Amino acid sequence: SYYYSGWRPAAGARFFCTAGRGLEPFLMREVRARLAATQVEYISGKVFFTTCSDLNMLKKLKSAERLFLLIKKQFPLNVSSVSKGKIFNEMQRLVNDDPESWLSAISIWKNLLELDAKEDKLSQRDANPLKRKVEENDIINPKKLKTKQMQELQESRECQLEKQTDEATVEQGDFLTNREKSQEAFQNDAVKAVAAPNQKDLTFRVSCRCSGFVAKTFTAQEVGRVIGIALMKQFGWKADLRNPNLEIFIHLNDIYSVVGIPVFRVPLASRAYIKTAGLRSTIAWAMASLAEIKAGAFVLDPMCGLGTILLEAAKEWPDVYYVGADVSDSQLLGACDNLKAAGLQDKIELLKVSVIELPLPSESVDIIISDIPFGKKFKLGKDIKNILQEMERVLCVGGTIVLLLSEDHHRRLQDCERGGIPWNSKGSHTDEPGIEKCLNPGEKTDLSDTVSSSAETSGQGDLDKMPPFGSLVPVDRYRVSLGRTGAFICRYRKSPSSAANVAAGLRFPVEFCFIP
């Protein structure tokens, strides 16, 4: 079974990330590639893994919502009992049955924070060593000058008075040194709290999420209260709902019980470099990663909106020529603000043009990545076919298109594809399962492989057949969640065919506008 109640990290710590529904395969691939993670497995909405990576590397995860240090993962609570007291006792056993796993997780959490604080301190000190010395001299020299002037004016005074003045100067220097030390102590307050021998000074709060039968029986507040009491009794910690040193995360449902510690207070999905949020950053990064961007490529988003996809791509793959296009002035202005805030205004060019009249030569773009607008505000209807035809025209042979499609758009494209090559079933995730099984580390079925090797699984024989929609061959599709709305991330590859020459030649609109 993949469930267990305790763990002892020998060659790394055990973590888990929350992920948007459908992004689990992207996150599994990322933790393996970026963190050299092992024992990678998933359950719906969460990916578990073991890694030796430090906080600097963990901060770089792009497809995760939040990152947690794992304390426990085990079978769900039995809520069929008539007595609430018995269920409360079972909840408290999450703490009382294996306190060593809690102490071990706290120790690892503390070590991660301490190492990160030391690295930050060293990097700050090494960044401006000369500047720091100059500032120190600027403070000391005037003091020496002022002391000298005072001594010259008061030569007639008694030696005792001179001595008192010198002692006062020394005391002032000691005060400045002590203030600097107190500032450092304040910055490392959380680390020192968990470093206490008995951890009595540690403060905490419990964040609970319940679903399924557990949610019908108990509120999150009731569960949090029960777990909080157990922690106070077992370890002597103090509850602090406003500004705790430590947050305990608990998720209880009909499939599993998971307990962990959030590694960062701010979610990984909240990008500091994005001023105005548009498409969810994790979705945008997943789309860019699926495109397999290489250095020197020409990447186009012909319906860029606020530019989230281009921002995510340019941050990860900088040595690429990026162009974003849109017909909306407000969207382009928002995109321009985002580029400036991220420091990428020199990496990405913006054009005000229509997606069905792109001012680009045929077969001039290597990769197209785009979120096709949908909803009440955007009613493209049959225009989705014209949009794809124009994208097909500017895309070079062998190039890739990655699209985010609504269920309606996806259905229309499927109608166009009837009678052609079927979707690659191994790399497709069209039906969201009610309950997803957690993958064992050695199990052959590996969602992350569908991301990296989807071209191979589609088969070269399929590429040689007549494509289902012009020259665009569907390679992968993933059902993803956008909150209350479902959508599909679809990848196409352009194959050589006579259909690719239908729109041969150059098409340049009379007028187009660059947005600075």
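Is Glu363 buried, exposed or partly exposed? In this predicted model, in which local features need pLDDT of at least 70, side-chain atom pairs count only at pLDDT 80 or more, and totals for chains, interfaces and linings use all residues, Glu363 is partly exposed, because its relative accessible area is 36%, where buried means under 20% relative accessible area, exposed means over 50%, and partly exposed lies in between (1.4 Å probe, protein chains only). Residues are numbered from 1 along each chain as its sequence is written, and side-chain values use heavy atoms, with hydrogens and water left out.

The chain contains 17 helices and 17 strands, these being DSSP runs numbered from the N terminus (H or I of at least four residues for helices, E of at least two for strands). Of its 516 residues, 46% are buried. Among contacts between residues at least 6 apart in sequence, 78% join residues at least 24 apart, a contact being defined by heavy atoms within 4.5 Å.

Helix H10 (residues 281–290) packs with helix H1 (residues 24–35) at an angle of about 70 degrees, their axes lying 11 Å apart; such axes are lines fitted to C-alpha atoms, for helices over the stretch in contact, and the angles run from 0 to 180 degrees between N-to-C directions. H1 and H10 are therefore roughly perpendicular to each other, on a scale in which angles under 35 degrees count as roughly parallel, over 145 as roughly antiparallel, 65 to 115 as roughly perpendicular and the rest as oblique. Their crossing is left-handed, a term used if the near helix is turned anticlockwise from the far one by less than a right angle, whereas a clockwise turn gives a right-handed crossing. On the H1 side the contact involves Phe26, Arg29, Glu30 and Arg34, which meet Trp285, Ala286, Ser289 and Leu290 of H10. The residues of this contact comprise four nonpolar, one polar and three charged, with Ala, Val, Leu, Ile, Met, Phe, Trp, Tyr, Cys and Pro counted as nonpolar, Asp, Glu, Lys and Arg as charged, and the others, Gly among them, as polar.

H10 also packs with helix H11 (residues 308–316), and here the axes come within 8 Å and cross at roughly 60 degrees, so that H10 and H11 are oblique to each other. The crossing of H10 and H11 is right-handed. Ser281, Ala284, Trp285, Met287 and Ala288 of H10 meet Thr308, Ile309, Glu312, Ala313 and Glu316 of H11, and the residues of this contact divide into six nonpolar, two polar and two charged. Ten of the ten residues of H10 are buried, so this helix is largely enclosed by the rest of the structure; among these buried residues are Thr282 and Ile283.

H10 is followed by Glu292, which lies in the loop between H10 and strand S9 (298–301). Although Glu292 is not a glycine, its phi is positive, at about 55 degrees, and with 27% relative accessibility Glu292 counts as partly exposed. A positive phi near 55 degrees is found for Glu363 too, again in a residue other than glycine, and Glu363 is placed in the loop between strand S11 (348–352) and strand S12 (365–371).

In soluble globular proteins, nonpolar side chains tend to be buried together. In the present model the largest nonpolar core (a set of buried Ala, Val, Leu, Ile, Met, Phe, Trp, Tyr and Cys residues joined through side-chain atoms within 4.5 Å) has 55 residues, of which Phe49, Leu67 and Leu231 touch the most other members. Leaving aside neighbours within four places in sequence, the contacts of Leu67 include Phe15, Phe16, Phe49, Leu58, Ile261 and Phe264. Apart from this core lies another, of 39 residues, among them Leu310, Ala313, Leu332 and Tyr478.

Two further residues illustrate links between distant parts of the sequence. Val258, in strand S8 (residues 257–262), counts as buried at 0% relative accessibility, and its C-alpha atom is 9.6 Å from that of Phe16, although the two residues are 242 apart in sequence. Residues up to four places away not being counted, Val258 touches Phe16, Phe48, Leu70, Lys72, Lys73, Phe249, Ile250 and His251. Glu407, in helix H14 (residues 407–417), is partly exposed, with a relative accessible area of 35%; 5.6 Å separates its C-alpha atom from that of Ala487, which is 80 residues away along the chain. With the same exclusion of residues up to four places away in sequence, Glu407 touches Arg479, Gly486 and Phe488.
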